[in-house]
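Below are my notes on the pocket and its ligand, set out as numbered points for you to read alongside the structure.

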Amino acid sequence: MKKAVFPGSFDPITLGHLDIITRGLPLFDEIIVAIGVNAEKKYMFTLEERKKFLEETFKDAPNIKIVDYTGLTIELCERMDAAFILRGLRNPADFEFEKAIAHTNRKLSKIETVFLLTSTNTSYISSSIVRDVIRNGGDYTLLVPEAVRTK
Ligand code: ADP
């Protein structure tokens with residue numbers, strides 16, 4: 001069974017994440033959406049909220065699993081028996097950042113990272129911009145899936 005882990009903070013999930021996950025589905029038998037928990041990081045949404053948004057968004061998708069984790073993503077992959085990491089690329093900054101991580105992961109394990117290029121209509125969306133819009137009282141609903149809109 002071909003499994004991929006799609007790791008991220010999902011603070012909150014955006015239409016950009018949704019695009020990558022949806023387009024990744026035909027490539028794998030299962031996608032494990034993995035919420036990284038970093039004690040050093042300050043989140044806008046609690047882990048429970050971030051998880052709820054993801055569970056609600058994918059409630060009708062049997063081949064998408066939601067988990068949370070601490071530690072290395074490759075160790076999560078090994079625990080979940082996933083041979084692939086799925087990532088999205090928006091711009092050259094994403095590429096440089098992802099390249100170093102993917103090379104490191106290849107050095108430390110056999111896990112391959114599969115990259116999907118962002119769609120033109122979601123390429124500008126990031127969780128940090130969504131958080132800024134929310135903080136400043138703007139209309140963030142155009143940038144996120146339904147589950148976050150009704151938060
Ligand atoms: P982190 O902040 O921990 O890197 P994110 O939640 O920001 O995690 O992102 C998880 C993954 O989703 C990354 O691979 C990122 O490049 C991808 N991603 C986020 N937004 C978009 C987007 N608009 N288009 C394509 N990929 C995206």
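1. In this predicted model, the lining of the largest pocket draws at least two residues from each of strand 1, helix 1, helix 3 (73–80), strand 4, helix 4 and helix 5 (127–135). Helix 4 gives the most to that lining, with eight residues.

2. The largest pocket holds about 1,100 Å³ of space, and among the 44 residues that line it, Pro7, Gly8, Ser9, Arg87 and Phe97 are the closest to its centre. Sorted by class, the lining comprises 16 nonpolar, 19 polar and nine charged residues.

3. It is in the largest pocket that the ligand sits, and the elements that give two or more residues to the shell around the ligand are strand 1 (3–8), helix 1 (15–24), strand 4 (84–89) and helix 4 (92–108).

4. The ligand has 16 residues around it, of which His17, Gly88, Thr118, Thr122 and Ile125 come nearest. By class, this shell is made up of five nonpolar, seven polar and four charged residues.

5. Which residues place polar atoms beside oxygen atoms of the ligand? A polar backbone atom of Gly88 is 2.6 Å from a ligand oxygen, a polar side-chain atom of His17 lies 2.9 Å from a ligand oxygen, and a polar backbone atom of Phe10 is 3.3 Å from a ligand oxygen. As for cover, the ligand taken alone exposes 550 Å², and the protein buries 86% of that area.

Definitions and conventions. Residues are numbered from 1 along each chain as its sequence is written. This is a predicted model: local features need pLDDT of at least 70, side-chain atom pairs count only at pLDDT 80 or more; totals for chains, interfaces and linings use all residues. Side-chain values use heavy atoms; hydrogens and water are left out. A residue is near a molecule or strand if one of its heavy atoms lies within 4 Å of it. A polar contact is a pair of N or O atoms within 3.5 Å; within protein, one must be able to donate a hydrogen and the other to accept it, and residues adjacent in sequence count only if both atoms are side-chain atoms. Accessible areas come from the Shrake-Rupley method with a 1.4 Å probe; for residues, only the protein chains shown count as cover. On a 1 Å grid over the protein atoms alone, a cavity is a set of points where a 1.4 Å probe fits but cannot get out, and a pocket is an open set with protein on both sides within 12 Å along at least five of seven lines; lining residues have an atom within 4 Å of a point. A molecule sits in a cavity or pocket if more than half of its atoms lie within 2 Å of its grid points. Helices (H or I, at least four residues) and strands (E, at least two) are DSSP runs, numbered from the N terminus. Ala, Val, Leu, Ile, Met, Phe, Trp, Tyr, Cys and Pro count as nonpolar, Asp, Glu, Lys and Arg as charged, and the others, Gly among them, as polar. Grid points are joined across faces, edges and corners, and a volume is the space filled by probe spheres set on the points.
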